[in-house]
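Me: I am new to this structure and would like a close look at a single part of it, namely the strands and how they pair. Please go through them slowly, and connect them to what lies around them.

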Amino acid sequence: MEPILEVRNLTCGFQTQAVLKNVDLLLYPGQLSGLVGPSGSGKTTLIKAILGLVHPWAGEIWFQGKRLKPGTAPPKVGYVPQVETVDWNFPVTAQEVVMMGRYRKKQFLPWTSRHDRIAAKALLERVGIAHVAHRPIGELSGGQQQRVFIARALVGEPEIVLLDEPTSSSDLRVQHELLHVGASNKKRSDQQ
Ligand SMILES: Nc1ncnc2c1ncn2[C@@H]1O[C@H](COP(=O)(O)OP(=O)(O)OP(=O)(O)O)[C@@H](O)[C@H]1O
Ligand SMILES: [Mg+2]
C-alpha cells in the first residue's frame with residue numbers, strides 16, 4: 001500500500017536552533033499513529049512542519065504521491081491545535097469555529113451555507129457538545145474547547161487528521177469516545 005503522507009529527512013527549527021534533525025515519517029491510509037516524546041522535544045514542531053507553518057531547512061514532505069511545495073499544507077488535512085497555544089479571546093461561537101473547517105471546500109468565501117451549518121451542528125452532536133454551539137469559544141471548558149476543534153478538523157471531510165494532544169483536558173470516558181469519532185467519520189464518508 002502507498003503511504004498517504006511521507007516525511008523524508010526533515011530538518012527544521014527556529015532562528016539558528018534545529019529542533020528536528022533528519023526526521024522520517026510514513027503514514028498509511030486507515031492507520032492511527034501516536035507520537036510520544038518529552039515536553040519540548042518537537043512534537044508540535046513536526047505537526048506544524050507538515051502543515052507548512054514551519055519551513056523545512058532540509059527534507060521533503062509528500063502527500064498522496066505528490067511532493068508538497070515547502071510552506072503549503074496537504075490539501076485535505078484536519079488539524080487540532082494544542083489548546084494551550086490558542087488565543088481564546090477570539091469573539092466567535094463554538095459553531096462558528098467548527099464552520100471555519102469548511103472554508104477550504106468553498107475557496108474561503110466568507111459566508112456559510114445551510115449545508116455548512118447542518119454539518120457543523122451534526123459534528124458538535126457527535127463530539128457531545130451540541131448544547132454549547134452558540135456560546136463564545138472563550139467561555140467553554142478546556143475539554144469542550146478541544147472537542148470544538150476536533151469537530152472543526154473533521155467537518156471538512158479530511159483524508160488525514162493531525163491532532164496535537166487532543167484529549168489532554170478530557171476525562172477518560174471522553175478521551176475514549178473522541179478517539180473513535182475520527183474513525184467513524186471516515187467510515188461514514190466512505191459510505192456516502
Ligand atoms: N515559535 C517558536 N520560536 C522559537 N522556538 C520555538 C518555537 N516553537 C517552539 N520552539 C522551541 O522548539 C522546541 C520544540 O517545541 P515543541 O512545541 O515542538 O515541543 P513539544 O514536543 O510539542 O512539547 P510539548 O509536549 O510541551 O507540547 C522547544 O525547545 C521550543 O522552545
Ligand atoms: Mg506540543
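Reply: Buried means under 20% relative accessible area, exposed means over 50%, and partly exposed is in between, with a 1.4 Å probe and protein chains only. This is a predicted model, in which local features need pLDDT of at least 70 and side-chain atom pairs count only at pLDDT 80 or more, while totals for chains, interfaces and linings use all residues. Residues are numbered from 1 along each chain as its sequence is written, chains are lettered from A and ligands numbered from 1 in the order in which they are written, and side-chain values use heavy atoms, without hydrogens and water.

To place the strands, it helps to begin with the whole chain, which has five helices and six strands (DSSP runs numbered from the N terminus, with at least four residues of H or I for a helix and at least two of E for a strand). Read from the N terminus on, these elements follow one another as β-β-α-β-β-β-α-α-α-β-α. The chain has 192 residues, and 41% of them are buried.

Four of the strands form an open sheet, antiparallel in its pairing, with the order E2-E1-E3-E4 (two strands pair if DSSP finds at least two bridges between them). At its edges are E2 and strand E4, residues 66-67, each of which pairs on one side only. Five bridges hold the antiparallel pairing between E1 and strand E3, which covers residues 58-63, and one residue pair here is easy to find, since Glu60 in E3 is the bridge partner of Arg8.

Around E1 and E2, three residues deserve a closer look. Met1 belongs to the segment that comes before strand E1, residues 5-14, and Met1 counts as exposed because its relative accessibility is 76%. On the other side of E1, Gln15 sits in the loop that leads to strand E2, residues 17-27; its phi is near 50 degrees, a positive value in a residue that is not glycine. At 77% relative accessibility, Gln15 is therefore exposed. Asn22, which lies within strand E2 itself, likewise has a positive phi near 50 degrees although it is a residue other than glycine. With a relative accessibility of 49%, however, Asn22 counts as partly exposed.

The other two strands, E5 and E6, run parallel and are joined by four bridges. In this pairing, Gly78 stands opposite Val161 of E6. Strand E6, residues 160-163, has two faces, of which the one with Ile160 and Leu162 is covered, whereas the one with Val161 and Leu163 is uncovered.

What lies after E5 brings in a metal site, where the protein donors of the magnesium ion (ligand 2) are OG1 of Thr44 and OE1 of Gln82, at 2.0 to 2.2 Å from the ion (donors are N, O and S atoms within 2.8 Å of the metal, or 3.2 Å for Na, K and Ca, and sites may look incomplete because water is not among the atoms). Thr44 lies in helix H1, residues 43-50, while Gln82 lies in the loop between strand E5, residues 77-80, and helix H2, residues 94-100, so this pair ties together parts of the chain that are 38 residues apart in sequence. Both donor residues, Thr44 and Gln82, are buried, whereas Gln15, in the loop between E1 and E2, is exposed at 77% relative accessibility.
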